[in-house]
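User: Hello! I am new to this structure and would like to learn how to read its features. Could you walk me through them?

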Amino acid sequence: MEPNNQDHSIIVKDFKKIARNLTIVENDLLGSDDLLKGLKSLNTPVIGITGPPGAGKSTLVNAMINYLSAQGKTIAVLAIDPTSPFNLGSLLGDRVRMAEQFNKPNVYIRSLATRGSLGGLSGKTIEMCDVLKSEGFDYILVETVGVGQSEVEIAGLADISVVVLVPEAGDEIQSMKSGLMEIADIFVVNKSDRDGAETFANNLKKLVHQKTEFIPVINTIADKLTGIDDLMAALENQSFKDNSRRNYLLAEKAWKLIQHEKMKNINRVKLQEEIILASADPAFNLYRFVDQVINKTKNS
């Protein structure tokens, strides 16, 4: 895995401009389409960090930032939080674990909400990641929301997918042969100072080494920086590969963009108001309601 070959003797990143561009893209504001169409494409490594809730992903990301930052690298982080289904606001916002990073001139951190999207990513992650790529960071870290085995979208976005587990997963690894277990390029057993960590790691190694390709299993204690050197060495030994899963993710994204373009005349707030009124009728049928909305859109 090689970062961008750039001269970083003088780090100059306009974080205000980056933040402004990300906000424009995230919220589909005026100029978003032109901004995206004008992006440069740079080969910035994207490292995805995923795994179930409570595995210590944010703490691990913080340790990875410290390691890379000490080498003078520029790092961008997209940290994705789960959201309320009612107001689409963030429910967690656990960026407090990365608080020490916010004043570093070579580190940019952006939280974004899933906004109801499944698969562990926000509906705007791909676009926002492309914006960060165009800014020439050395590395982009994407921390997924932590919802469980459905977090497989990251395998299409990231060049390297790191799956973080904890010793308490125990026998659950036997039921994890699909989903998260299938997307890992590197496994991290975090909080390895807990009881049963070595046994769990050994069982995990036996399971993953049944595959044709070698997948590293790294023990870490992220809050004590233990094992971080081993993890970063494993990342360095990874190489860019032909990611066929990315094609599927991009096809899905293209479908959603086309769908969004077709539906842009539908006002979500107005739709909510209309459905509140319509659903008051005892004979309300959601599918007839949707059909009426679609026909109205076609005729407008």
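User: Let me begin with a backbone detail: which residue follows H4, and is its phi positive or negative?

Analyst: Happy to help, and please keep in mind that this is a predicted model. The residue after H4 is Gly 136, and its phi is positive, near 75 degrees.

User: How many of the residues of helix H4 are buried?

Analyst: Helix H4 covers residues 125–134, and 9 of those 10 are buried, which leaves the helix mostly covered. Among the buried ones are Thr 125, Ile 126, Glu 127 and Met 128, and so are Lys 133 and Ser 134.

User: Now the sheet. What is the order of its strands, and is the pairing parallel or antiparallel?

Analyst: The general idea comes first: strands of a sheet pair through backbone hydrogen bonds, either parallel or antiparallel. Here, an open sheet of 7 strands runs in the order E3-E2-E4-E1-E5-E6-E7, and the pairing is parallel. E3 and E7 are the edge strands, each pairing on one side only. From one strand to the next, the twist averages 20 degrees.

User: How many bridges join the strand pairs E1 to E4, E5 to E6 and E6 to E7?

Analyst: E1 and E4 are joined by 4 bridges, and within this pair Ile 49 stands opposite Glu 143 in E4. E5 and E6 also pair over 4 bridges, with Ile 186 in E6 as the bridge partner of Val 162. Between E6 and E7 there are 3 bridges, and there Val 189 stands opposite Asn 219 in E7.

User: Which residues of E6 lie on each side of the strand, and are they buried or exposed?

Analyst: In a regular strand the side chains alternate between the two faces of the sheet. In E6, Ile 186 and Val 188 are on one side, while Phe 187 and Val 189 are on the other. All four are buried, and both faces of E6 are covered.

User: Which strands do helices H3 and H8 touch or lie across?

Analyst: H3 lies across E1, E2, E3, E4, E5 and E6, and runs at about 170 degrees to E4. H8 packs on the sheet too, touching E1, E4, E5, E6 and E7. The direction of H8 makes about 175 degrees with that of E6.

User: Which residues of H8 are buried, and why do they line one face?

Analyst: The buried residues of H8 are Ile 228, Leu 231, Met 232, Ala 234 and Leu 235. Seen down the helix axis, they fall within an arc of 155 degrees, so they line one face of H8. Asp 229 and Asn 237, on the other side, are exposed. The partners that the buried residues pack against are strands E1, E5, E6 and E7, together with helix H3.

User: How many residues does the largest nonpolar core have, and which ones have the most contacts inside it?

Analyst: That core has 39 residues, and the ones with the most contacts inside it are Leu 132, Val 142, Phe 187 and Leu 204. A second, separate core has 30 residues, including Leu 68, Ile 75, Ile 160 and Ile 228. You have met Ile 228 already, as a buried residue of H8.

User: How many salt bridges does a search of the whole structure find?

Analyst: Side chains of opposite charge can pair when their charged atoms come close. The search finds 7 salt bridges. One of them joins Glu 135 to Lys 17, with the closest N and O atoms 3.3 Å apart. Glu 135 is in the loop between H4 and E4 and Lys 17 is in helix H1, so the pair ties together parts 118 residues apart in sequence. Glu 135 counts as buried at 18% relative accessibility, whereas Lys 17, at 32%, counts as partly exposed.

User: Which residue forms a salt bridge with Lys 124, and which residues are in the network of salt bridges?

Analyst: The partner of Lys 124 is Asp 28, and their closest N and O atoms are 2.8 Å apart. Lys 124 sits in the loop between E3 and H4 and Asp 28 in the loop between H1 and H2, so parts 96 residues apart in sequence are tied together. Lys 124 is buried, with a relative accessible area of 15%, while Asp 28 is partly exposed at 37%. The network links Asp 28, Lys 124 and Glu 127, and Glu 127 is one of the buried residues of H4.

Definitions and conventions:
Residues are numbered from 1 along each chain as its sequence is written. This is a predicted model: local features need pLDDT of at least 70, side-chain atom pairs count only at pLDDT 80 or more; totals for chains, interfaces and linings use all residues. Side-chain values use heavy atoms; hydrogens and water are left out. Buried means under 20% relative accessible area, exposed over 50%, partly exposed in between (1.4 Å probe, protein chains only). Helices (H or I, at least four residues) and strands (E, at least two) are DSSP runs, numbered from the N terminus. The arc is that of the directions from the helix axis to the C-beta atoms. Contact means heavy atoms within 4.5 Å. A salt bridge is a side-chain nitrogen of Lys or Arg within 4 Å of a carboxyl oxygen of Asp or Glu. A nonpolar core is a set of buried Ala, Val, Leu, Ile, Met, Phe, Trp, Tyr and Cys residues joined through side-chain atoms within 4.5 Å. Two strands pair if DSSP finds at least two bridges between them. Axes are lines fitted to C-alpha atoms, for helices over the stretch in contact, and angles run from 0 to 180 degrees between N-to-C directions.
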